[in-house]
Amino acid sequence: MFRLKMLPLWLAAVLGVFGLPRAADAQRWLHGMYKQAVHAGGTAHSRSAPKHAAAAQAGRRYEGRVTDVHDGDTVRITDTDGRKHKVRLAYIDAPEIGQAHGIESRDRLRRILSDKTVDVQVTDTDRYGREVAYLFSDGLDINLSQIENGAAWHYTSIAKKQQLKADFAAYAAAEAYAQAGRTGLWAKREPLAPWLFRKQQHTAQPQ
């Protein structure tokens, strides 16, 4: 059941301004806002590569087959020339395997990607040498799909510095929609974000 009190404060305020006190009306309004943001986001399969990335291979595009899904935001891909790539999905952060919804997030990604051919649009290379990229399968933005299905967070600490504004809006709207509907990881009132989980794990390790 959709509940207004589950909305972010800014969104609840907007709903109030627009005079949408009923839960059903609010859910329809939010769904419409989300769809508009996604449509404006330019995350269609045919869009040009992101302009912000400065790494040497940023902006490179290729097709490949997904051979392994490590977790909800990391996969291995073999491209059409036989080269192997480890890819981190751009601008999302999925629960770690050892935390709540980590396995569910990974399994969802496996269901939609295993042995599938994907279009890879590289945006950067991270400190672990992984390509950071948008993934598309049959026109579906896989990264966005993980957010809207409650299988990942929008990684705003990075996205607000690097992601195209229209895409940022689409991803933020997808997260708000998933949160409002208590979908996936949002079924829990205050789920622990993976960056906080990693920090806790690091702190708990003996020095």
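Reader: Why is His101 called partly exposed?

Author: The relative accessible area of His101 is 27%. Buried means under 20% and exposed over 50%, with partly exposed in between (1.4 Å probe, protein chains only), so His101 counts as partly exposed at 27%. The model is predicted, and local features need pLDDT of at least 70, side-chain atom pairs 80 or more, while totals for chains, interfaces and linings use all residues. Residues are numbered from 1 along each chain as its sequence is written, and side-chain values use heavy atoms, without hydrogens and water.

Reader: Where is His101, and what is its phi?

Author: His101 lies in the loop between β4 and α3 (102-113); helices (H or I, at least four residues) and strands (E, at least two) are DSSP runs numbered from the N terminus. Phi of His101 is positive, about 70°, although the residue is not a glycine.

Reader: Is Tyr91 buried or exposed?

Author: Tyr91 has a relative accessible area of 4%. That is under the limit for a buried residue, so Tyr91 is called buried. Tyr91 sits in the loop between β3 and β4, and phi of this non-glycine residue is positive too, near 65°.

Reader: What makes Leu192 eligible for a surface patch?

Author: Leu192 has a relative accessible area of 31%, and patches take residues over 30% with no salt bridge, nonpolar side chains (Val, Leu, Ile, Met, Phe, Trp, Tyr) being joined within 5 Å. Therefore Leu192 passes the area limit for a patch while still counting as partly exposed. Leu192 is in the loop between α6 (165-180) and α7 (194-204). Together with Trp195 and Leu196, Leu192 forms a nonpolar patch of about 230 Å² of accessible area (Shrake-Rupley method, 1.4 Å probe). A salt bridge here is a Lys or Arg side-chain nitrogen within 4 Å of a carboxyl oxygen of Asp or Glu.

Conventions. Patches are made of residues with over 30% relative accessible area and no salt bridge: like charges are joined within 9 Å, nonpolar side chains (Val, Leu, Ile, Met, Phe, Trp, Tyr) within 5 Å.
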